[in-house]
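The exercises below are meant to be worked with the sequence and the coordinates open side by side. Each task is followed by a solution that goes step by step.

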Protein chains: 2
Amino acid sequence: MTEVESNLTLISATKSFDGWIKRYQHYSNTLKCNMIFAIYLPPQAETNPVPLLWWLSGLTCTDENFMQKSGAQQVAAKLGIAIICPDTSPRGVDIPGADDSYDFGSGAGFYVNATQEPWATHYQMFDYVAKELPELVFANFPLNGKESISGHSMGGHGALVLALRQPGRYASVSAFAPIVSPSTVPWGQKALSGYLGDDQQAWAEYDACALVKKGESKQPFFIDQGTADNFLTEQLRPELLEQICYQRQHPLVLRHQEGYDHSYFFIATFIDDHLRYHAQHLS
Amino acid sequence: MTEVESNLTLISATKSFDGWIKRYQHYSNTLKCNMIFAIYLPPQAETNPVPLLWWLSGLTCTDENFMQKSGAQQVAAKLGIAIICPDTSPRGVDIPGADDSYDFGSGAGFYVNATQEPWATHYQMFDYVAKELPELVFANFPLNGKESISGHSMGGHGALVLALRQPGRYASVSAFAPIVSPSTVPWGQKALSGYLGDDQQAWAEYDACALVKKGESKQPFFIDQGTADNFLTEQLRPELLEQICYQRQHPLVLRHQEGYDHSYFFIATFIDDHLRYHAQHLS
């Protein structure tokens, strides 16, 4: 291994498809707490720098769900792509009420920079995923600087928003069952009002549909959505993204996968397609 | 679906690689309690009966671990193999001390028929996996009657023992990091003495090395063992199986997988090889 592991404490290293899943703890200056992330380094990383896929997880998840349940390592090892899984919120920060609900606070950072107290001090997940963590991993792992991004549900929202707000940064962007219009659905309204207050202009900066409407990025989206997803009609509403992408001529491939639900079994079934899509753009 | 679901309560049905993971509850007359199992039905089962692979899980596991973490569905769907995951012990049976340790009682049935009270009334896992559950699933799912068996750790022990004691039943048998000599290692000694008492002859009926020595079956074993497995030297001791198989000319392929540990990441890496091995024998 050629990596230099400064400011990182290795928690575990587990061999997987001839590569390594490594979990690290580090102190985040952005979030003002200790954070854990996981990175899959494919076997190719032993000899040459490799591209990186960001995976943003959904509500209640940690760095572990995707690594344990997606089965992504098999194809990542073939394609020579590293995958990084950040956690989904600050941890152990002792904010009253942070652990009270599954869809706000711990495990539900929504990839925003909070402006409202008591959240603003720690809940700066946009900057953590867009700035601090990339700097850390590019300085410490055998990566070639090319990045793509994907995610699930709340993490799909994160992937779309991070890509839309940073035109040109990611080689490609995809999502599984993303929250595309948080301003208009219960999960999003709870999170955005809690973290950002009532300022609708602030909400629009974290709303994929609003950002597509704004039109600063035309990066294509590749999205899979299960038709048997329990959250389809109330929380996810992919038709809103479809409409605005059509209006704004924003390139979108939205696949409706018959009979699939919101679980990692859905992700596992189609993750190979996503990895191959990203590999095309990362090479 | 052509299956008849008598005496079975469907808990969930989740689409995976164009097939279905289904979890059922049923009352077990053998174990005298309600049990849950999971079965993966590949897409081929929609039109024709398919062969069945038994997967026996290790200590602390339920029917869920393999389905969530092995990634087996992808290749099972290609090969047209159903996979059934029984639970690892009776559940909810209110035996004092049953939940006190991870390696005895709940989650640790060791696939034996207990003779010692208070365990004997419920802990009849050998008969449950060898008789009652097969009868139930063959009567209720689109299966063609051909079976193979595999498992991990305690479940690898179970797979080897079930195959050795039922010559000719399974088309093929494989294991990941199995306990091969429970009579001589701490996990096994605790379980066998607790469930069977001090009768060493009874122990030998659940000890793969002793059964190979006895020589009633010459069915080949296909086994993967990680070299970085924390339990390798104290609990697993594959060299004991290697020695007795060599002495008795019992066919054994034992692969030492460099750097792999005892986790499901190890299983996920090599499960494809096992499924393809079983498919050859099941076709």
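A salt bridge is counted here when a side-chain nitrogen of Lys or Arg lies within 4 Å of a carboxyl oxygen of Asp or Glu. The model is predicted, and side-chain atom pairs count only at pLDDT 80 or more.

**Exercise 1. Salt bridges within the chains**

Task: Find the salt bridge that A:R255 forms, and state which elements of chain A it links.

Solution. Start from the general point that side chains of opposite charge can pair when their charged atoms come close. The partner of A:R255 is A:D273, and the closest N and O atoms of the two are 2.8 Å apart, so the pair meets the 4 Å cut-off. Next, place the two residues: A:R255 belongs to strand β9 (residues 252-257) of chain A and A:D273 to helix α10 of chain A, so that the bridge links distant parts of the chain, 18 residues apart. Finally, consider accessibility, for which the partly exposed class runs between 20% and 50%. A:R255, at 24% relative accessibility, is therefore partly exposed, and A:D273, at 33%, counts as partly exposed too.

Task: Describe the salt bridges that B:D87 and B:R237 form, and decide whether each residue is buried or partly exposed.

Solution. B:D87 pairs with B:R91, with the closest N and O atoms 2.7 Å apart. B:D87 has a relative accessible area of 4% and is therefore buried, whereas B:R91, at 27%, is partly exposed. B:R237 pairs with B:E239, and here the closest N and O atoms are 3.4 Å apart. B:R237 is partly exposed because its relative accessibility is 26%, and B:E239, with a relative accessible area of 32%, is partly exposed as well. Over all chains, a search of the whole structure finds 26 salt bridges. Salt bridges also join into a network, as the linked residues A:R165, A:E205, A:K214 and A:E216 show.

**Exercise 2. The contact between the chains**

Task: Characterise the contact between chain A and chain B by its residues, its buried area and its polar pairs.

Solution. Begin with the residues, of which chain A gives 21 and chain B gives 21. The area buried between the two chains is about 1,800 Å², and carbon and sulfur atoms give 55% of that area. Then turn to pairs across the contact: there are 0 salt bridges between chain A and chain B, while 8 residue pairs are in polar contact, with both residues at pLDDT 80 or more. On the side of chain A that touches chain B, the elements that give two or more residues are β1 (9-16), β2 (19-28), α1 (64-69), α2 (73-79) and α10 (264-282) of chain A. The largest share, 4 residues, comes from α10(A). By residue class, this side of chain A divides into 7 nonpolar, 8 polar and 6 charged residues.

**Exercise 3. Aromatic pairs and a buried aspartate**

Task: Classify the ring pair of A:Y260 and A:F266 from the distance of the centres and the angle of the planes.

Solution. The ring centres of A:Y260 and A:F266 are 6.2 Å apart and the planes are at 40°, so the pair is tilted. Both A:Y260 and A:F266 are buried. In chain B, B:Y260 and B:F266 also form a tilted pair, with 6.2 Å centre to centre and 40° between the planes, and both of these residues are buried. Ring pairs further link A:W55, A:F66, A:F176, A:Y260, A:Y264, A:F266 and A:F270 into a cluster.

Task: Describe the surroundings of B:D224.

Solution. B:D224 lies in strand β8 (residues 221-226) of chain B, and because its relative accessibility is 0% it counts as buried. Its side chain makes a polar contact of 2.8 Å with the side chain of B:H274. Beyond its neighbours within four places in sequence, B:D224 touches residues including B:R255, B:F266, B:F270 and B:H274.

**Exercise 4. Backbone details**

Task: Locate the cis peptide bond that leads to A:P118 and a positive phi at A:K32.

Solution. The bond from A:E117 to A:P118 is cis, with omega near 5°, and A:P118 sits in the loop between β5 (82-85) and α3 (125-140) of chain A. A:K32, although not a glycine, has a positive phi of about 55°, and this residue is found in the loop between β2 and β3 (33-41) of chain A.

Note on methods
Residues numbered from 1 in each chain as written. Chains lettered and ligands numbered in written order. Predicted model: local features only at pLDDT ≥ 70, side-chain atom pairs only at ≥ 80, totals over all residues. Heavy atoms only, no water. Contact = heavy atoms within 4.5 Å. Buried area = accessible area lost by both parts, 1.4 Å probe. Polar contact = N/O pair within 3.5 Å; in protein donor to acceptor, adjacent residues only side chain to side chain. Nonpolar A, V, L, I, M, F, W, Y, C, P; charged D, E, K, R; others polar. Phe/Tyr/Trp six-rings, centres within 6.5 Å; stacked < 30°, edge-to-face > 60°. Buried < 20%, exposed > 50% of the residue type's maximum accessible area, 1.4 Å probe, protein only.
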